[in-house]
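Visitor: Hello! Could you walk me through this structure, one step at a time?

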Amino acid sequence: MYDLVLKGKFLKGRKLIDGSIGVLDGKISRISTGELKGEETVRIGRGKVILPGLIDVHVHLRDFRQRSKETIRTGTMSALHGGITAVFDMPNTDPPVLDSSTFRRREAAFSGRAYTDYALSFLLNGNCDEAKKAQADFYKIFMGASTGGIFSSDFESDYFCAPGIVSVHAEDAGLIQKKPERPPEAEITAIKRALKAAEKFRKPLNICHVSTGGGISSILRASLPWVSFEVTPHHLFLTKKDYERNPLLKVYPPLRAEEHRRALWENFSRIPIIASDHAPHTPEDKENGAAGIPGLETEVALLLDAVNRGMLELQDIVEKMHGNPVRIFGIRNKGLEAGKDADFTVVDLKKEWMVKPEEFYTKAKWSPWEGRKLRGKVVMTVLRGNVVMEEDEIIGNPQGGRVDAGKGRA
């Protein structure tokens, strides 16, 4: 007898099958095409699909001195609402996570406050000894300034000494100084430099928010098995013209011309990861030019809408927001198999709804997609066998824990 049985349609490979998932002590115990008996059975109705818990590897949860922008609590609630069961927290906070004592503070801040599971990061900038002490789940390097203003003065050295996988914001510092509008060449130049270093050191590297045709083609041409990259929904669905109409859409790297957006879609099947780069700010900060777009509560829905429009398949979402993040970041306790955490994202592919940011859990009560009708919605989120979000309502207290993602081992 299982604690919980989820009964309904789920993806096995690229096929939708009817079956049951038995959960025991918060772990997947059995996946079956037959009937399973549980203390509690949740029947997932027609038109709905059970996906493995989706993971967002690029999230700015702010907190610390920036609680007016977002807190760990509000940010992880918004993640659950959007169907995300684990988030990767970025370290360009205030204060930034540049030493082991701030890392411990960050760890303590998450404890008892996070509604999702989480991975913790450390910001590299000539501080290798501290990085080794911290034992983070992943490491971040900025090649050029972004929110917080800190960037690496020696990318090669910081990357070489990183104790684990590095996520890099690739925009060239020199070009940003000369051209503050951050043209495509700022990204392409930095990506090429990062790839050269990756070829030399053969260490795991994840290139964040790739936004240019030249950037994506350089990565694909290099074809280094230890290099992955991510693309955001805002770079897939918006362009520079949207920013010209709405200056709130300022983001780093910037929204690009249509040719770059088209290049991302032309290579969509080869993009390993989709991540939101959720970056909330207060309305005042946005009006004063802060860069960043909130995305945790719209990213999955935008992709489901694209499935309905024939632009991608449901399996693409699972691959780019579950399977590949688990593999690339070495997350040992996640996956759709027996013994892994019973995390699920249940979606209704046919449900039509309108984006109303005032109803979101994030403190950033705005969205580029405000007023847009989307087809496809997350209707339930399950974390370690507990239903923690259903029909837009967060259920229960924070249950999030730190993922088992290597604890700093390369």
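**Cysteines and an annotated site**

Visitor: How many disulfides does the count come to?
Guide: Welcome! A disulfide is a covalent bond between the sulfur atoms of two cysteines. Here it is taken as a pair of cysteine sulfur atoms within 2.5 Å, and by this rule the count comes to 1 disulfide.

Guide: A word on the source: this is a predicted model, where local features need pLDDT of at least 70 and side-chain atom pairs count only at pLDDT 80 or more, while totals for chains, interfaces and linings use all residues. Residues are numbered from 1 along each chain as its sequence is written, and side-chain values use heavy atoms, leaving out hydrogens and water.

Visitor: Which cysteines does the disulfide join?
Guide: Both partners are buried, meaning under 20% relative accessible area with a 1.4 Å probe, protein chains only. With S to S at 1.4 Å, the disulfide joins Cys128 to Cys161.

Visitor: Why is Cys208 without a bond to Cys161?
Guide: Cys208 counts as buried, at 3% relative accessibility. The closest cysteine sulfur is in Cys161, but that is too far for a bond, because the distance is 17 Å.

Visitor: Where does UniProt place the feature "active site"?
Guide: The unreviewed entry gives positions in the numbering used here, with shortened feature names, and annotations may be inferred rather than shown by experiment. The "active site" is placed by UniProt at Asp277.

Visitor: Is Asp277 buried or exposed?
Guide: Contact means heavy atoms within 4.5 Å. Beyond its neighbours within four places in sequence, Asp277 is in contact with residues including His58, His60 and His209. Its relative accessible area is 5%, so Asp277 is buried.

Terms used. Buried < 20%, exposed > 50% of the residue type's maximum accessible area, 1.4 Å probe, protein only.
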